[in-house]
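This report goes through selected local features of one protein model. It takes up internal space, strands, helices and a few single residues in turn.

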Amino acid sequence: MSLSDLGEPVARANERALDLLFTSDPVLVDVRPAIAVLPGMTRETVLTSGPPLPWPEYTGGQREGIIGGLLYEGLAATREEAVRLLDRGEVRVGGCHDFGCVGSLAGITTASMPVLVVEDSASGGRGFCTLFEGAAPDRLNYGVYNAGVQRNLEFLAEVVGPLLSRVIRSAGTGIRLRPIMERALRQGDELHSRNAAASGLFLRAVLPALLDLDAAQARVLTSYLGADDYFFLRPAMAASKVMADRMYGAEGSTIVTAMAFSCREFGIRVAGLGPRWFRGPLPEIETARLLPGRTRDDIEAMGGESLITEVCGLGAFAQAAAFPLESYQGGPDAMVRRNLEMYEITAGEHPAFKIPFLGYRGTPAGIDIARVAATGITPALDVGIAGRGGGQIGAGSFRAPLRPFTDAWAAFRHQAATPTPTS
């Protein structure tokens, strides 16, 4: 059964999916401990990125990040004790997406960690993401846990999280994120590998509330928000999770609602196929810029769910808006070609996310598994690169594998061809 055989019902369902995506209005309403807001979260749960795996299958930095999560929460006193608890199943390892959140790189999310709470004003749906850990080489989401990482995580939980919560709630109706994202695209961001404009715009949006803090608190929070251009990636991820999840309301749609990878594999979800993951090999590197002294042999996959931005027409689907990334992405000509190619596998163009270089054309949005299967073109992905032994060693442009899309398309056609049982 081909796309032409499915015809008008799928076209209508995809139009519905795009309408749900385009009319979403993500608002940052709070910062709370994960256990207080994530459905099903417990103290004995550690969340991580990618289609979920059995605990023994996690390797490298992602495995070390999960172990670090137990140590941080005080569930184990030593690495060896943490491994024993995980081996016995006394601590549950879950996938971030199954709890309504998205994780950066290894995506480690534990009970006491503060998470951004983003709510869609149009539907009430919520999405969550942990706070940016900062620019230090040692970060839990890059597979490192040591005394410095612990102190930083405690600082986020005990100081930054509560202060940021206070600032956000003082705004009354929260901080609308979509206007910031729309404007940042016009100022050189693509909202994945580059968030310089968006981070500055966010700081300006909360500035009046910052002035209501005492001087010491204001300095602390301003220093955190202004210290690095990547702060806004986490709000962008939570906002994209909210926007993408709305598309599950489009029954019969072939539009992708999630892309993520673990240390072992890449997976997608599709609006018309529910929460099932379609899995394949890890993405391939197209272009990369690594730190001096590092080579491609040093690269290690630790997972990642920031690809949720690409699902919504951002990231690599807006590369031509972010020429400052040219050294990572192969130069402006390659970025434009890659961006134009994405229009061939999407069902629409975003009416609000615009690319100035392309004459303010809307970003390609709504990755369609049928188009991917028909063309063999797979989504481009803007990705931070982790190194063996932990830490970030670069960034670049990757390509998703084809198999999850062809498998999903086959499953969709089988579902469409299977008669619905009658009572």
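One cavity of 30 Å³ or more is found in the structure, which is a predicted model. The volume of the largest cavity is about 100 Å³. Its lining is made up of Gly-107, Ile-108, Met-113, Pro-114, Thr-130, Leu-131, Glu-133, Leu-140, Asn-141, Leu-153, Leu-156 and Arg-234.

Open space is described in the same way. The largest pocket has a volume of about 580 Å³. The lining of this pocket counts 31 residues, and Arg-139, Tyr-142, Tyr-230, Gln-392 and Gly-394 are the closest to its centre. At least two lining residues come from each of α10 (233-245), β10 (284-290), β13 (380-386) and β14 (392-399). With four residues, β14 gives the most to the lining of the largest pocket.

Next comes a sheet. Four strands form an open sheet in the order β5-β4-β1-β6, and their pairing is antiparallel. β5 (126-130) and β6 (175-176) each have a single partner strand and stand at the edges, so one side of each lacks a neighbour in the sheet. Strands of a sheet pair through backbone hydrogen bonds, in either a parallel or an antiparallel sense.

Within this sheet, five bridges join β4 and β5 in the antiparallel sense. Glu-119 has Arg-126 of β5 as its bridge partner, and Val-118 stands opposite Gly-127, also in β5. The hairpin of β4 and β5 has five residues between the strands, and there Gly-124 takes a positive phi near 85°. Although β5 is an edge strand, four of its five residues are buried, and the strand is mostly covered.

Asp-120 belongs to strand β4, which covers residues 114-120. With a relative accessible area of 0%, Asp-120 falls under the 20% limit and therefore counts as buried. Its side chain makes a polar contact with the side chain of Arg-246 at 3.3 Å. Neighbours within four places in sequence aside, Asp-120 is in contact with Ser-24, Asp-25, Pro-26, Gly-125, Val-242 and Arg-246.

A second buried polar residue is found in another strand. His-350 is part of strand β11, residues 346-355, and has a relative accessible area of 1%, so it is buried. The side chain of His-350 reaches the backbone nitrogen of Ala-352 at 3.0 Å. Not counting residues up to four places away in sequence, His-350 touches Phe-22, Arg-178, Cys-312, Gly-362, Thr-363 and Ala-365.

Phe-22, touched by His-350, is one of the buried residues of α2. The others in that helix are Val-10, Ala-13, Asn-14, Ala-17, Leu-18, Leu-20 and Leu-21. An α-helix has 3.6 residues a turn, so residues three or four places apart point the same way. Does the length of α2 (residues 8-22) agree or disagree with its number of residues? At 1.5 Å a residue, the 15 residues should span 21 Å, and the end C-alpha atoms of α2 are 21 Å apart, which agrees.

Two loop residues have a backbone angle worth listing. Most residues other than glycine have a negative phi. Leu-191 has a positive phi although it is not a glycine, and the same is said of Tyr-360. The table gives their values.

| Residue | Phi | Loop | Relative accessibility |
|---|---|---|---|
| Leu-191 | about 70° | between α7 (178-185) and α8 (196-210) | 0%, buried |
| Tyr-360 | about 60° | between β11 and β12 (361-367) | 45%, partly exposed |

Leu-191 is buried at 0% relative accessibility. Tyr-360, at 45%, is partly exposed, because this value lies between the 20% and 50% limits.

The last residue is in a helix. Arg-413 lies in α15, residues 403-417, and is partly exposed at 27% relative accessibility. How far apart in space are Arg-413 and Gln-217? Their C-alpha atoms are 56 Å apart, with a sequence separation of 196 residues.

Notes: Residues numbered from 1 in each chain as written. Predicted model: local features only at pLDDT ≥ 70, side-chain atom pairs only at ≥ 80, totals over all residues. Heavy atoms only, no water. Buried < 20%, exposed > 50% of the residue type's maximum accessible area, 1.4 Å probe, protein only. Polar contact = N/O pair within 3.5 Å; in protein donor to acceptor, adjacent residues only side chain to side chain. Contact = heavy atoms within 4.5 Å. Expected span 1.5 Å × (residues − 1). Pairing = 2+ DSSP bridges. 1 Å grid on protein atoms, 1.4 Å probe; cavity = no way out; pocket = protein on both sides within 12 Å on 5 of 7 lines; lining within 4 Å. Points joined across faces, edges and corners; volume = space filled by probe spheres on them.
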